[in-house]
Amino acid sequence: MTATVGRGVITRGTRTAPSRRSNVVIWLLVTLRLALAWEFLWAFADKTFGWGFATPSERAWINGGSPTKGFLTSSATGPFESFYKSIAGDTWTNWLFMIGLLGIGAALLFGVGMRIAAATGSLLLVMMWSAALPPATNPFLDEHLIEALVLILLAATYAGDHVGFGRWWAKTRVVRAVPALR
């Protein structure tokens, strides 16, 4: 049985000729993946070393600053304000946040562990959204929720398989044994 999809042809679930449209979609997904990788890795590096963009050098993590205290103490509003202010600057909060930024960014950059990156990245982004409710420019939606949805899209479409190590990663023994690591 043969079916036509866009300009590509599908035969028994196997694509025989990729369409121009599907190539554009693949490259858009790769670009989104790498852009989000850059965003997470940049946040990690700037908070660690204080390169003066979002974090001045005197508040860098390596200089004794807290990656979570400033935002959570000054920007937390809404129904979860007391919770976020109570964990602001705690050692465990700083370490989890920074490990999350680095791990999610690295997974996106290399295209491995996309499901875990999507789950943990979405959780982190939803928490960042919920720390400052309502959002400043919209009654509900902001970039954190949109980026969480993009992370889920990237994992669902195997975006790490293109310009990444996702295909290789999927063939490893550990991933075959535990598909959630894909």
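**Figure 1. Two salt bridges are counted in this predicted model.** One joins the side chains of K85 and E81. The other is formed by D161 and R182. Opposite charges on side chains can pair when the charged atoms come close. The two pairs are shown in turn in the next two views.

**Figure 2. K85 and E81 meet in a salt bridge within helix α3.** The N to O distance is 2.8 Å. Four residues separate the partners along the chain, about one turn of the helix. Buried or exposed: how does each partner count? K85 is partly exposed, because its relative accessible area is 34%, within the range from 20% to 50%. E81 is also partly exposed, at 29% relative accessibility.

**Figure 3. D161 and R182 form a salt bridge, with 3.0 Å between the closest N and O atoms.** This pair links distant parts of the chain, 21 residues apart. D161 sits in the loop between α6 and α7 (166–170). R182 belongs to the segment after α8 (173–177). D161 is buried, because its relative accessible area of 13% is under the 20% limit. R182 is buried too, with a value of 18%.

**Figure 4. The largest cavity has a volume of about 50 Å³.** The structure holds one cavity of 30 Å³ or more. Which residues line the largest cavity? They are G111, M114, R115, A155, Y158, G160, D161, G166 and R182. The lining therefore includes D161 and R182, the two salt-bridge partners of the preceding view, as a lining residue has an atom within 4 Å of a cavity point. By class, the lining divides into three nonpolar, three polar and three charged residues.

**Figure 5. Y158 and V163 have positive phi values.** Neither residue is a glycine. Phi is near 55° for Y158 and near 50° for V163. Where do the two residues lie? Y158 is in the loop between α6 and α7, and V163 is in that loop as well. Y158 counts as partly exposed, at 36% relative accessibility. V163 counts as partly exposed at 49%. Y158 also appears in the lining of the largest cavity, while V163 contributes to a nonpolar surface patch.

**Figure 6. A nonpolar patch of about 740 Å² lies on the surface.** W27, L34, L109, F110, V163, F165 and W168 make up the patch. Which elements give two or more residues to the patch? They are α1 (20–49) and α4 (91–110). W27 is found in helix α1. At 51% relative accessibility, W27 counts as exposed, because the value is over the 50% cut-off.

**Figure 7. The largest pocket holds about 1000 Å³ of space.** Its lining has 39 residues. K47, P67, F97, L124 and M128 are the closest of them to the pocket centre. Six helices each supply at least two lining residues: α1, α2 (69–74), α3 (81–87), α4, α5 (114–131) and α6 (143–156). Which helix gives the most? α4 does, with eight residues. By class, the lining has 23 nonpolar, nine polar and seven charged residues.

**Figure 8. The second largest pocket holds about 170 Å³ of space.** F71, M128, W129, A132, P134, P135, A136, T137, D142, E143 and H144 line this pocket. α5 and α6 each supply at least two of the lining residues. By class, seven are nonpolar, two polar and two charged. M128 is in this lining and is also among the residues closest to the centre of the largest pocket.

**Figure 9. The peptide bond from L133 to P134 is cis.** Omega for this bond is near -10°. Where does P134 lie? P134 is in the loop between α5 and α6. P134 is also one of the residues that line the second largest pocket.

Technical notes
Residues numbered from 1 in each chain as written. Predicted model: local features only at pLDDT ≥ 70, side-chain atom pairs only at ≥ 80, totals over all residues. Heavy atoms only, no water. Patch = residues over 30% accessible without salt bridge, like charges linked within 9 Å, V, L, I, M, F, W, Y side chains within 5 Å. Areas by Shrake-Rupley, 256 points an atom, 1.4 Å probe, with all protein chains shown as cover. Salt bridge = Lys/Arg side-chain N within 4 Å of Asp/Glu carboxyl O. Buried < 20%, exposed > 50% of the residue type's maximum accessible area, 1.4 Å probe, protein only. 1 Å grid on protein atoms, 1.4 Å probe; cavity = no way out; pocket = protein on both sides within 12 Å on 5 of 7 lines; lining within 4 Å. Points joined across faces, edges and corners; volume = space filled by probe spheres on them. Nonpolar A, V, L, I, M, F, W, Y, C, P; charged D, E, K, R; others polar.
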